[in-house]
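Here are my notes after a pass through the model you sent. I have kept to packing and charged pairs.

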Amino acid sequence: MAGAILLGVLMHGVGTAWARTPPPITDNHDPGFGTQGKVEIVGVLQAPDPSGIAIIDGRMFLSFPKHDGDHAGPVLAEWKDGRLVPFPATAAPIDAPPSSRLLSVHGLTTDTQGRLWGIDDGKIKGQPIPPGGAKVVGFDVRSGKQIAAVVLKEALLPGSHMNDLRIDLTHGAAGTVYVTDSSFDGHPALVVVDIATGRQRRVLEHDRSTQPDPGYQTVLDGRVLKVDREHPTFPGGGADGITLSRASDRLYYAPLSSRRLYSLPTALLADFSKSDAELAAAVSDEGEKGAADGLASDAWGRIYTTAADHDAVFRRNLDGSFDLIASDPRFVWPDGIFADDRAVYVVAGQWSRLPRFHDGKDLRHPPYLIARIGIAAPSEKTQSGK
């Protein structure tokens, strides 16, 4: 009996302890969540939805493709004094041939001479790409004059989605363009264009490095999502992000639905005599890079990647290590990205909220934001690398 009484007392004490309110939890949260890094909002747009971005001499240029909506705004513009100014100032008339006017500018970049380049995917929602619509265009922003327009013909497919581009001035008489064709119908590839001659070709169309990963899964807006070509629930596909090494001797690229980063020597890629098999044999798998849309290289050759499933921007250092540069809940599908010797700029495009991913409902919430994150030169620890 005494043992039973003692057990009852002990159990009463345990029950009382269980019923107590635990102390507040203050120091065991996950530091990886929430806002990190110094994020400055430098652009606020109500419409249209921006995609590409490039900075030249402190001037910000933005692109506004029409493949997901035939909007009334400019397809290429400068963000100036808090408003969009169409660029170039003297645009071709609306009834000009597609080869002579801008239809749907997507990716933007600069070359080593400080000129602006864009890929016009030529795609307006609900319409086929017209002859001459898809093209590489170049501009001298100081004079406002167009310096190049190379129409994509042999390298273009009816379902092409010419996404982003980089300019290599170390190969070809006037330079070589590398374009990612993400493809609207499952035929992603890299496209190589000689600026001087217009010669062009598709490469690595069947290589793993341009293809989406089978079973790719991500988390967006709190939803766990998988690739489903029949019923897409988020932007997905093949070759998308693209950037060059500092010396333009290596091209880095990645499929949209993949966490792998790939690279290839530009000396081979720019050589039209090299076969697809030779190029495929030279592709290097650079390892994990996160779920990136855009890629960009800074003045030292470090690579920045957007990370939609973390609302973040990552950086791949020269030694191959990665850093989280910034995360912010406002980074809803960070898309276009640009880096120089002072900052990284990123466009929060909200592309994952388009109607086609939500049973026809447009879940985007303007305004659309352009963010800037300051950077500094690499430390000695991360100086070594390719």
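1. Which residue forms a salt bridge with R260? The partner is D285, and the closest N and O atoms of the two are 3.2 Å apart. Keep in mind throughout that this is a predicted model. R260 sits in strand β18 (residues 260-265) and D285 in strand β19, so the bridge ties together parts that are 25 residues apart in sequence. On burial, R260 counts as partly exposed at 22% relative accessibility. D285 is also partly exposed, with a value of 36%.

2. Strand β19 turns up again with E286, whose side chain meets that of R250 in a salt bridge (3.9 Å, N to O). Why is this pair worth a look? E286 belongs to β19 (residues 284-288) and R250 to β17 (residues 250-255), so parts 36 residues apart in sequence are tied together. Both ends are tucked away: E286 is buried at 15% relative accessible area, and R250 counts as buried at 17%. Buried here means under 20%.

3. A further pair is R315 with D323, their side chains meeting at 3.5 Å, N to O. Here the burial is mixed: R315 counts as buried at 12% relative accessibility, while D323 is partly exposed at 31%. Elsewhere, D49, D362 and R364 are joined into one network by salt bridges that share partners. Searching the whole structure gives 21 salt bridges, so treat the ones I picked out as examples.

4. Now the packing. The largest nonpolar core has 25 residues, and within it I53, M60, L62 and L116 touch the most other members. Elements giving two or more residues to this core are β2 (53-56), β3 (59-63), β4 (76-80), β6 (105-110), β8 (135-140) and β25 (343-348). Of the core's members, β2 supplies the largest share, with four residues.

5. What does M60 touch, leaving aside its neighbours within four places in sequence? The contacts are V42, I53, A54, I55, A77, E78, W79, Y345 and I370. I'd click on M60 when you check this region, as one of the residues that touch the most other core members.

6. Don't stop at that core, though. Another one lies apart from it, made of 18 residues, and A239, Y253, L269 and L279 are among them. Y253 falls within the residue range of β17 (250-255), the strand that also holds R250.

Key: Residues numbered from 1 in each chain as written. Predicted model: local features only at pLDDT ≥ 70, side-chain atom pairs only at ≥ 80, totals over all residues. Heavy atoms only, no water. Core = buried A, V, L, I, M, F, W, Y, C linked by side-chain atoms within 4.5 Å. Buried < 20%, exposed > 50% of the residue type's maximum accessible area, 1.4 Å probe, protein only. Contact = heavy atoms within 4.5 Å. Salt bridge = Lys/Arg side-chain N within 4 Å of Asp/Glu carboxyl O.
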